[in-house]
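Open the model in your viewer and keep the sequence panel beside it. The stops below say what to select and what is there.

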Amino acid sequence: MADQDTGTGTGTGTDTGMGTTALRALQGLEDGRPSVRLRAALAVGTAPDPRFVGKLIERCGVEPDFSVREILTWALTRHAAAGSAPPELLAGLLGEVRSEGAQARSQALHTLSKIGDRRAWPAITRELLSDADDEVARSAWRAAVVLVPEGEEPALAAALSAQLGRGVREVQLSLSRALIALGEAIGPALHAATTDADPRVRAHAIATQRLLRDPDAGFEFAIEEAKRVVALGPGAPGAGTC
């Protein structure tokens, strides 16, 4: 038997017309225990309902636990058909992309990359691709290569290449993977970066070229080899093979 509506008919918001099971799940998203929040997110994703979307998006921006955030993202994708988000979901995520909160921006971009709705492409601005927060930038890179329209790949490759040399190894690996996902379009931008005045940029570009040719080489090996080439100069053994 379906849950009975617990509302009195005079309430507003998420409780209007919503059964007790749904209400418990939404309330569980606010629980102090991560395990309870995780179960609540699973419950909401298992029974998608448009009325859940706003709360899920809001929670993504503040949820401190990584595992719970991943399930929140999954729950949101359950409200979308393959490659297409309903209006309330797309609008909500695009609003979060412009949020002042770094986590809200990052999670919204992450969710957009999972849904793959190319109508979100205009929201992937150069400002996001170069966001000062590494997690936001990494999410923007991943979303960009999923959402980029046909023919826009060279321009995106140039924008991503402007971030070469940035951050710690984990950040650099994320950028290399995003560039490699663009395929042949990255060739000119990477080649130009190998002559950049900044040795970090040159090394990162060379390492990305090596990974493009041999994905099994491993980023750590590729970056160390690239640093050696940069240090020794163009005449170093292997320098002409990139």
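Accessible area here comes from the Shrake-Rupley method with a 1.4 Å probe. With that method, the chain of this predicted model exposes about 12,000 Å², and 55% of that area is supplied by carbon and sulfur atoms.

**Stop 1: the whole chain**

Select everything and colour by secondary structure. The chain has 13 helices and zero strands, so no strand will show up under the DSSP-run assignment used here. Of the 242 residues, 45% are buried. Take the contacts between residues at least 6 apart in sequence: 60% of them join residues at least 24 apart.

**Stop 2: confidence**

Recolour by pLDDT. The average over the chain is 86, and 81% of the residues score at least 70. Now select residues 1-16, where the pLDDT is below 50; this stretch has 16 contacts in the model beyond near neighbours in sequence. Select residues 235-242 next: here too the pLDDT is below 50, and the stretch has twelve contacts beyond near neighbours in sequence. Where pLDDT is low, predicted coordinates should not be read in detail.

**Stop 3: helix H3**

Select residues 53-60, which form helix H3. Why is H3 described as largely enclosed by the rest of the structure? Six of its eight residues are buried, so the rest of the structure largely encloses this helix. The buried ones are Val53, Lys55, Leu56, Ile57, Arg59 and Cys60; a residue counts as buried when its relative accessible area is under 20%. To see what covers them, add helices H1 (20-28), H2 (34-46), H4 (66-77), H5 (87-97) and H6 (102-115), which are included in that cover.

**Stop 4: the cavity**

Keep H3, H5 and H6 on screen, since each supplies at least two residues of the lining of the largest cavity. Rolling a probe the size of a water molecule over the atoms shows where empty space is left. The count comes to one cavity of 30 Å³ or more, and the largest cavity holds about 30 Å³ of space. To display its lining, select Ile57, Cys60, Leu76, Leu93, Glu96, Ala104, Gln107, Ala108 and Thr111. Which helix gives the largest share of this lining? That helix is H6, with four residues. By type, the lining divides into six nonpolar residues, two polar and one charged.

**Stop 5: Gln107**

From the lining, pick out Gln107, which is found in helix H6. Is Gln107 buried or exposed? Its relative accessibility is 8%, so Gln107 counts as buried. Leaving out residues up to four places away in sequence, Gln107 touches Cys60, Arg69 and Thr73. Of these partners, Cys60 is also listed in the cavity lining and among the buried residues of H3.

**Stop 6: Glu70**

Move to helix H4 and select Glu70. Glu70 is partly exposed, at a relative accessible area of 28%. Draw a distance from its C-alpha to that of Leu38: the two residues are 32 apart in sequence and 9.3 Å apart in space.

**Stop 7: Glu135**

Finish in helix H8, residues 134-147, with Glu135 selected. Glu135 has a relative accessible area of 40%, and is therefore partly exposed. A C-alpha distance from Glu135 to Gln103 should read 8.0 Å, for a pair 32 residues apart along the chain.

How values were computed: Residues numbered from 1 in each chain as written. Predicted model: local features only at pLDDT ≥ 70, side-chain atom pairs only at ≥ 80, totals over all residues. Heavy atoms only, no water. Buried < 20%, exposed > 50% of the residue type's maximum accessible area, 1.4 Å probe, protein only. Contact = heavy atoms within 4.5 Å. 1 Å grid on protein atoms, 1.4 Å probe; cavity = no way out; pocket = protein on both sides within 12 Å on 5 of 7 lines; lining within 4 Å. Points joined across faces, edges and corners; volume = space filled by probe spheres on them. Nonpolar A, V, L, I, M, F, W, Y, C, P; charged D, E, K, R; others polar. pLDDT = per-residue confidence, 0-100.
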